[in-house]
Structures are given as C-alpha cells and as structure tokens.
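I opened the notebook with three look-ups in mind: a helix residue, a strand residue and a helix pair. My entries follow.

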Amino acid sequence: MANVQQSTTATAQGPIEQFDAIVIGAGVSGLYQLYRLRELGLSVRLFDDAGGVGGTWYWNRYPGCRFDSESETYGYSWSKELLQEWDWKEHFSGQPENERYLNYVADKFHLRPHIQLKSRVTSAVFDEKTNRWEIQLESGQRARAQFLVMAVGILTARYTPPFEGIESFKGESYHTSRWPKEKVDFAGKRVACIGTGATAVQLIPLVAKEAGHLTVFQRTANYCAPLRNGQVSPETQAQWKASYSEIHKKCRETATGFTHDFDPRKAMSVSKEERLALYEKLWVQPGFSKWLANYRDIMTSREANEDFAEFVRNKIRARVKDPVVAEKLAPKDHPFGAKRIPLETDYYEAYNRDNVVLVDLKETPIERITPKGIKTSDREYEFDVIIYATGFDAFTGALTQIDIRGEGGQTLKDKWAEGPKTCLGLQIASFPNLFLAISTAFGNYPVCAEMIVEWITDCIRYVREKEYARIAPTLQAEEAWVQHAAELAEGSLFAAGNSWFVGANIPGKKRVFLLYANTVPAYRKRCAEVAAKGYEGFLLQ
Ligand SMILES: Cc1cc2nc3c(=O)[nH]c(=O)nc-3n(C[C@H](O)[C@H](O)[C@H](O)COP(=O)(O)OP(=O)(O)OC[C@H]3O[C@@H](n4cnc5c(N)ncnc54)[C@H](O)[C@@H]3O)c2cc1C
C-alpha cells in the first residue's frame, strides 16, 4: 500500500501539515509508538509539551525521584541491541539516568527528526468527511493525520489543591512534577512538604538532611515499605544481559508484569508462624515483593490484607521513636495496597530527626496559604519554601485537558462526565482512529505499554492493509467492556481506598476505579482475542 507522505496543505487559516499518524507524548509509550509506526512506513509527527524527551522522567526532577520497578524490568524489552548496550547503574534507577536512557533511545533509533518539543496540544477534532484528526497546538500550529495516538501518560496532569491565598506566598513554591532543572538549595531554610504519597516519601529523607527545618503536612498515612536499592555490580549487569529473554518472559507471565509473583496460597490457609515467616522474608527483599509476591488473596480478602497491614504498622512503630508520631504515620483508614505503596529509603527515620515535624491534617486542616507560609486550623507556620507533593489528576486528566471532539462534535469531556468509557482501554466509541496508549492494566508500566503499543500498531496495520478508512468500537462493545471492568473492580481491594486509583484525590471527579482489575496476562489475552477475530466489537468502515 502506498504511504501517504508527509505534506503541507495551505488553508485560509495558514498551512496545515499532513501525516499518516500523530502521536502525543514523548515518554516510554510515545517513543516506542513512534518507532513502531515509522517501522510500518508511516509518516509520523510526535508532539510533546516538554522541552525534552522522557515524559515522566523529564518532568519529575525532585530529589530522590526514581522508579520502584527493578531496572532490568523497566527498560524496553523490544531491542536486543539496546538491552546489550545499556548499563543500569542502580537496581532502582533514578530520574537523571532514566532521562538519559530515553534520550539514548531517541538518538539510537533516529526518532528526533519526527519529534516536535515544546508543543502543547490543546485540541483534537475528528473530520468525518476525510476521516482525519486535526490537532491544534497552543501556538496555533495545526496538523492532520488519519490516526491519532494519545501517549499522554497516566501521571501527567499535575494537581495542586486550590488553597486559598496560594498566590500570596512570598517564598519559593515547587510542584514535584514541575521541578526546575537547576538545583534547589534548601540549606538552612524552613521547608514545608504538603503530601505524603510515593513522591513525597522519596523526597522527604533527602530534604530533611539538607533543610534547616522541614514540616511535613500529612492528609493520609501510607503503608511505605523499604526499597533496598543498591549499585549494580559488573557481575549482575553481565548476568542480566545474559538472561534478558528469561527476565522478560517472566514479566509477561506474572500477574503484574514484574518478576515478583504472588504466593499461590491463601494467607489464612497457613499457620500464623508461617505467615510471619513469609512476611519477614519479603520485608528484607528489594522492591515491590512485599506487595506483589505476598499471599495471592492479599488484595481480595480483607482478613488476609489486615493481617499483613498490621505487620507493616508494627514495622513503622519499630522505626519511629516518638510513639505519638508513629501512630500518626501508621495507616488505619484503608487496606494495604488500596493506595499505591510508596517504597522508601530512610523515610521513617526522617521523623526521628530534630529538624523534622509531622502535622496531621486530619487533626488540623490547612485553611489557607499566607504570604509567610501555611495557616492550619490551629496556627500559622512560616516557611521559605513550600513543596507541593500533591500528585496528579491520574489517567483521565491529560486527556480531558485537551478539547477532543469525535463524531457529531461530541466532546470527550462530556462523554466521560460519569467516568471514562472505552473498549479495552484502547479506543472510544464515536472517536474513530483515536487510540489511547495509556495503560489501565495494574503493573510494571513499560511491560504494559509495550503490549498496548504493539496492539495499536497491529490495528493500524490491519486498517491500512484492508483499506478501511476508520475503526472505532461499537457502543455495545464499549458498554460491555465498561460493565466487565466495573464488575472486576468490585471484588478488588485495589478499589477500596480514597486513592488516585479511583480519582478520590480530585474534588468533583467521578469515583470510578480507573484501572483494569485483572492480571496483565488476562488483559493481554483479551486484547489479542479481539484482534484475532478481526477486531470483534469494532466498526471498520
Ligand atoms: C514519580 C513517578 C514514579 C513512577 N514510578 C514508576 C515505577 O516505579 N514503575 C512503573 O511502572 N511506573 C512508574 N511510574 C509511572 C510512569 O508514569 C510510567 O512508568 C511511564 O513513565 C509512563 O510513560 P508514558 O509514556 O505512558 O507517559 P509519560 O511518561 O507521562 O509521558 C507523557 C507525555 O505526554 C506529554 N503530554 C501530555 N499531554 C500533552 C499535551 N496536551 N500536549 C503535548 N504533550 C502532552 C507530557 O508532556 C509527557 O511528556 C512513575 C510515575 C511517576 C510520576
């Protein structure tokens, strides 16, 4: 089939560049999507708001930022050459190295000529006559393509609570996901950190060491578990390089895309001593093993979950010297794993320092930000720096920030007012040729992203080979998927907390479990079956 080559059309509103496909987002998902679509022979332009490639690893530069996936499983699995060339320095790699890695990928695979940075997409409108999407950037620049892939990320749309007086603060303010490239100097300063989620837990121990004084404002205590990071020895590096195919095979087979896999037993089917022995064994292991190699019913049985939750609370109590502070840090209002488990290094020890204070916002909520600092219900605190570690409008935020209009001018924002509706999390009824390269599977992100990108690539190849102009799920197929996903979520403790998994951190956001509460292999199988049946449930025209 002849490729539609990149071209430019002159219009009354100025020139519009034409492509076969447009990708939005230059993170792990978007870079791979660009590579695969170029490999198909398509003309592609990737747009990203950022000043560099890397997505998450471009924006999040705060001290301590790193991934909690094992490095050898986070890197792309699709290029044997890349796997052999790249050396990971740490077992859980930090932001600078992750950003370097994705830049290396962009160079190695000659992706840069197809990437336009500092380009925020503000709208995307489907033209039913030509079956093309037209996107517009903040600058007014426009471009058109038959296929539009949204690789805009799950944790991209940063969230800052609308505190009264926020603009009046005279000191420095930073949101963790818009951290400056220049080093922020905390030496001798009075610093506030609002939030105690996974990001804050990485940042607090490092800022505590440097700042004159650090006050942590906590709304919800989290179950934090030791990361146990370390440098990768040359022997381990060589071992990984020799066994990447087995490592990746394992990641494709486990429930969550990691090399960790759940213990096949139910927690209460073994004796208390045996349970404790497994908990202690997992506790000294690195990474998410405490969560994802635990008894298989930890996220379905309240009894099993509470048994481990109490074990974690006792670990916290043992590390924090002041028993009053320890109780504030020990979560009691949600099951273990119902919020993303932060992995930490010296987090709890930070509260044993003389220069660190914990403020429990359940007891004394923030009333406003003042020119001098933060006013809670009982007093005003003065600061030189306020850090907002207040997270993201997860999954849907980056999409609904773009004015996306499908058939009949229907907006995505309206369509999703009662929660996101998709088929397989990948396409949306009445929004033809629009693909969501955003993983809703719960698991190691790059493993899921590769699966999704490959599904989208195969789908686009199919549409072109069969000479269809458009593909979108039927409304019935979409409704069936939404119902199926909701039924799965009902039985899962993942959905049982006031977390970003359910949109609870964003006032007014419809409470819907935003992940697909099934295993990664089950999700992959379902997506593959739909494709194998000629995209069953999808309308090809
Ligand atoms: C601090 C942190 C730690 C994490 N740790 C882990 C971990 O341990 N393991 C794991 O599996 N995952 C982790 N994640 C999740 C992480 O987001 C994924 O691993 C992965 O980086 C997502 O890649 P992506 O390409 O899908 O999206 P992103 O990397 O988020 O990239 C999306 C890109 O889209 C761009 N974009 C969005 N909207 C627009 C627009 N309108 N116009 C132009 N550009 C736009 C953004 O600028 C961004 O560059 C972490 C996330 C964060 C924030």
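I fixed my cut-offs before looking: buried means under 20% relative accessible area, exposed means over 50%, and partly exposed falls in between. I also note that I am working on a predicted model.

Entry one, Tyr104. I found Tyr104 in helix α5, which covers residues 95-108. Is Tyr104 buried, exposed or partly exposed? I read a relative accessible area of 30%, so Tyr104 is partly exposed. Next I listed its contacts, skipping neighbours within four places in sequence: Leu82, Glu85 and Trp86. I checked one of these by C-alpha atoms. Leu82 is 22 residues from Tyr104 along the chain, and their C-alpha atoms are 9.3 Å apart.

Entry two, Glu17. I located Glu17 in strand β2, residues 14-24. Which side chain shares a polar contact with that of Glu17? I found Arg45, at 3.4 Å. Beyond neighbours within four places in sequence, I noted that Glu17 touches Gln6, Ser7 and Thr8, Arg45, and the run Gln141, Arg142, Ala143 and Arg144.

Entry three, a helix pair. I took the angle between the axes and the distance between them, since two packed helices are described that way. For α15 (residues 445-465) and α17 (residues 520-532) I got an angle of about 0° and axes 11 Å apart. The two helices are therefore roughly parallel to each other. On the α15 side I listed Val447, Cys448, Met451, Ile452 and Trp455. The α17 side gives Val520, Tyr523, Arg524, Cys527, Val530 and Ala531. By class I logged 10 nonpolar residues, 1 charged and no polar in this contact.

Conventions. Residues are numbered from 1 along each chain as its sequence is written. This is a predicted model: local features need pLDDT of at least 70, side-chain atom pairs count only at pLDDT 80 or more; totals for chains, interfaces and linings use all residues. Side-chain values use heavy atoms; hydrogens and water are left out. Helices (H or I, at least four residues) and strands (E, at least two) are DSSP runs, numbered from the N terminus. A polar contact is a pair of N or O atoms within 3.5 Å; within protein, one must be able to donate a hydrogen and the other to accept it, and residues adjacent in sequence count only if both atoms are side-chain atoms. Contact means heavy atoms within 4.5 Å. Axes are lines fitted to C-alpha atoms, for helices over the stretch in contact, and angles run from 0 to 180 degrees between N-to-C directions. Angles under 35 degrees count as roughly parallel, over 145 as roughly antiparallel, 65 to 115 as roughly perpendicular and the rest as oblique. Ala, Val, Leu, Ile, Met, Phe, Trp, Tyr, Cys and Pro count as nonpolar, Asp, Glu, Lys and Arg as charged, and the others, Gly among them, as polar. Buried means under 20% relative accessible area, exposed over 50%, partly exposed in between (1.4 Å probe, protein chains only).
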